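Welcome! Please take a look at the sequence and the 3D structure below, and then try the exercises that come after.

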Amino acid sequence: MTVARLLTTARRTLLGLLGLQVGLAVALSLVDSYRRRGKKPKPFPVTVPETVPVGDGLITTYTFGRDLYDDMLAAIDGAKKQILFETYIWKGDEIGWKFKTALTAAAERGVDVHCIYDGFANMVVSPAFKRFSPSLKVLRYPVWTAGLRFWDLRHYGRDHRKMLVVDEEVAFLGGYNIGSAYATEWRDTHVRITGPGVWDLKRAFADFWNLNRRHRLRRSERPLLLETSSQWDPQIRIHRNSPRQWNFPIRSMYLEAINRASHNIWLTTAYFLPDQDFVDALTDAARRGVDVRILLPLKSNHIVADWISRGYYGQLLASGARILRFKDAMVHAKTATIDGSWATVGTANIDRLSLQGNYEINIEVIDPDFAAVMERVFLADEGNCLELTLHEWEARDLNRKFTESFLAPLRPLL
């Protein structure tokens, strides 16, 4: 057999194997979707909004969507000059219409309203809902942004950010998308901030708008320009991933904090598909005696991600890390708290798409009072979890082990 024939055979074998892996992933998704049909999440514990002073401002933490949406809508209704609104998913349901109506009313009374949503994430939303009043400035981040440069990975990131900035006074940031199900059925985390940090979020919005304004604005229109704040707060930092600039500081923020940890690392994420360096940082921390707890959904809304993420469980459990699985509802929060002084809340999951692919934004806070709030939230969630033990993990059946191993090559895609 010639070398060329060998290469052809190897190529066909690899493509066939990839096809089988993708086929299995699709089959798992279809079966899971059928099983979920008609099922409603059960009640889950939440904490009331809690506000603490941090630097020259305040931070309020939300763990229940209805509480958050009430305050976001109140901020929109009270806006005097400007509203900057950005979301990944914007459902055309009751909650989605409430936001659309409030934003339109603000624009019609003279408030400068800018909105951004991701086109791919909202493909199934009714086209009628996505027709907006001319009084709103709306940027739909396109499904395809690479044009003919399909090889350029910098153009494949989705706009996964969720934030609202009203005037120079208040901003909201976190994991909540906009939709009725998220109001009561999902466990997520968002924060409301006042003070100098609001300006950093304004700049983050303006930079994204101006980078992508050609998708929305005529060439003759001016970019979104902001004044520069004369203040900054050293206890609060805003980190934003920008794939167009190949800049991913959120991953570095996590790794630096994990590597410095000496007492505890309590991490909550909706999807857990890290790279090996991230896993190594967590296992090294556990081996040096740090209390490492990773809180995940027992069953997320993406079953393939669940199967693939399990490939890391053995390493983590063997090192002494604890894996806690949230039951009865989807936990979608992206948070962590370390050593009673450091915490982060944002939009980035612990997966490759978030840490090295999508547009994301996280707030990093160095403050013991805020860290204490995040620890209380974590402990409330932990009370609704099933802990996975090393013995239980090693005793799983052969079918599960085979499926996890077979799907493992898909990890770099997620």
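Here are some exercises, each with a worked solution. One thing to keep in mind throughout is that this is a predicted model.

**Exercise 1. Get an overview of the chain.**
How many helices and strands are there in the protein chain?

Solution.
- Step 1: Start with the elements: the protein chain has 13 helices and 20 strands.
- Step 2: Turn to burial. Of the 414 residues in the chain, 53% are buried.
- Step 3: Look at how contacts span the sequence. If you take contacts between residues at least 6 apart in sequence, 79% of them join residues at least 24 apart.

**Exercise 2. Trace the sheet that contains β1.**
In what order do the strands of this open sheet lie, and which are its edge strands?

Solution.
- Step 1: Follow the eight strands across the open sheet: β1-β2-β9-β7-β6-β3-β4-β5. The pairing in this sheet is mixed.
- Step 2: Find the edges. β1 (50-54) and β5 (137-141) each pair on one side only, and they are the edge strands.
- Step 3: Note the twist, which averages 15° from one strand to the next.

**Exercise 3. Sort some pairs in that sheet by direction.**
Do β3 and β4 run parallel or antiparallel? Then work through the pairs made by β4 with β5, β2 with β9, and β7 with β9.

Solution.
- Step 1: Recall the background: strands of a sheet pair through backbone hydrogen bonds, either parallel or antiparallel.
- Step 2: β3 and β4 (residues 112-118) run parallel and are joined by six bridges. Here glutamine 82 stands opposite aspartate 112 in β4.
- Step 3: β4 and β5 also run parallel, with five bridges between them. Cysteine 115 has valine 138 in β5 as its bridge partner.
- Step 4: β2 pairs with β9 in the antiparallel sense over four bridges. Threonine 61 stands opposite valine 191 in β9.
- Step 5: β7 (residues 170-174) is likewise antiparallel to β9, over four bridges. In this pair, alanine 171 faces isoleucine 193 in β9.

**Exercise 4. Look at both sides of β3.**
Which residues of β3 point one way, and which the other way?

Solution.
- Step 1: Locate the strand: β3 covers residues 82-87.
- Step 2: Split its residues by direction. Gln82, Leu84 and Glu86 point one way, while Ile83, Phe85 and Thr87 point the other way.
- Step 3: Check burial on each side. All of these residues are buried, and the strand is described as mostly covered, with six of its six residues buried.

**Exercise 5. Find a helix that lies across the sheet.**
Which strands does helix α11 lie across?

Solution.
- Step 1: Find α11 at residues 368-382.
- Step 2: Read off the strands beneath your finger: α11 lies across β1, β2 (57-62) and β9 (190-193).
- Step 3: Add the direction: α11 runs at about 155° to β1.

**Exercise 6. Work out how α2 and α3 pack.**
At what angle do α2 and α3 pack, and how far apart are their axes?

Solution.
- Step 1: α2 (residues 65-77) and α3 (residues 94-108) pack at an angle of about 15°, and their axes are 9 Å apart.
- Step 2: That angle makes α2 roughly parallel to α3.
- Step 3: The crossing of the two helices is left-handed.
- Step 4: List the residues that meet: Tyr69, Met72, Leu73, Ile76 and Asp77 come from α2, and Ile95, Lys98, Phe99, Ala102, Leu103 and Ala106 from α3.
- Step 5: Sort this contact by type: nine residues are nonpolar, none polar and two charged.

**Exercise 7. Repeat the analysis for α6 and α7.**
Which residues make the contact between α6 and α7?

Solution.
- Step 1: The axes of α6 (residues 249-260) and α7 (residues 276-287) come within 9 Å and cross at roughly 20°.
- Step 2: This makes α6 roughly parallel to α7.
- Step 3: The crossing of α6 and α7 is left-handed.
- Step 4: α6 contributes Arg251, Tyr254, Leu255, Ile258 and Asn259 to the contact, and α7 contributes Asp277, Phe278, Ala281, Leu282 and Ala285.
- Step 5: By type, the contact has seven nonpolar residues, one polar and two charged.

How values were computed:
Residues are numbered from 1 along each chain as its sequence is written. This is a predicted model: local features need pLDDT of at least 70, side-chain atom pairs count only at pLDDT 80 or more; totals for chains, interfaces and linings use all residues. Side-chain values use heavy atoms; hydrogens and water are left out. Axes are lines fitted to C-alpha atoms, for helices over the stretch in contact, and angles run from 0 to 180 degrees between N-to-C directions. Angles under 35 degrees count as roughly parallel, over 145 as roughly antiparallel, 65 to 115 as roughly perpendicular and the rest as oblique. A crossing is left-handed if the near helix is turned anticlockwise from the far one by less than a right angle, and right-handed if clockwise. Contact means heavy atoms within 4.5 Å. Ala, Val, Leu, Ile, Met, Phe, Trp, Tyr, Cys and Pro count as nonpolar, Asp, Glu, Lys and Arg as charged, and the others, Gly among them, as polar. Buried means under 20% relative accessible area, exposed over 50%, partly exposed in between (1.4 Å probe, protein chains only). Two strands pair if DSSP finds at least two bridges between them.
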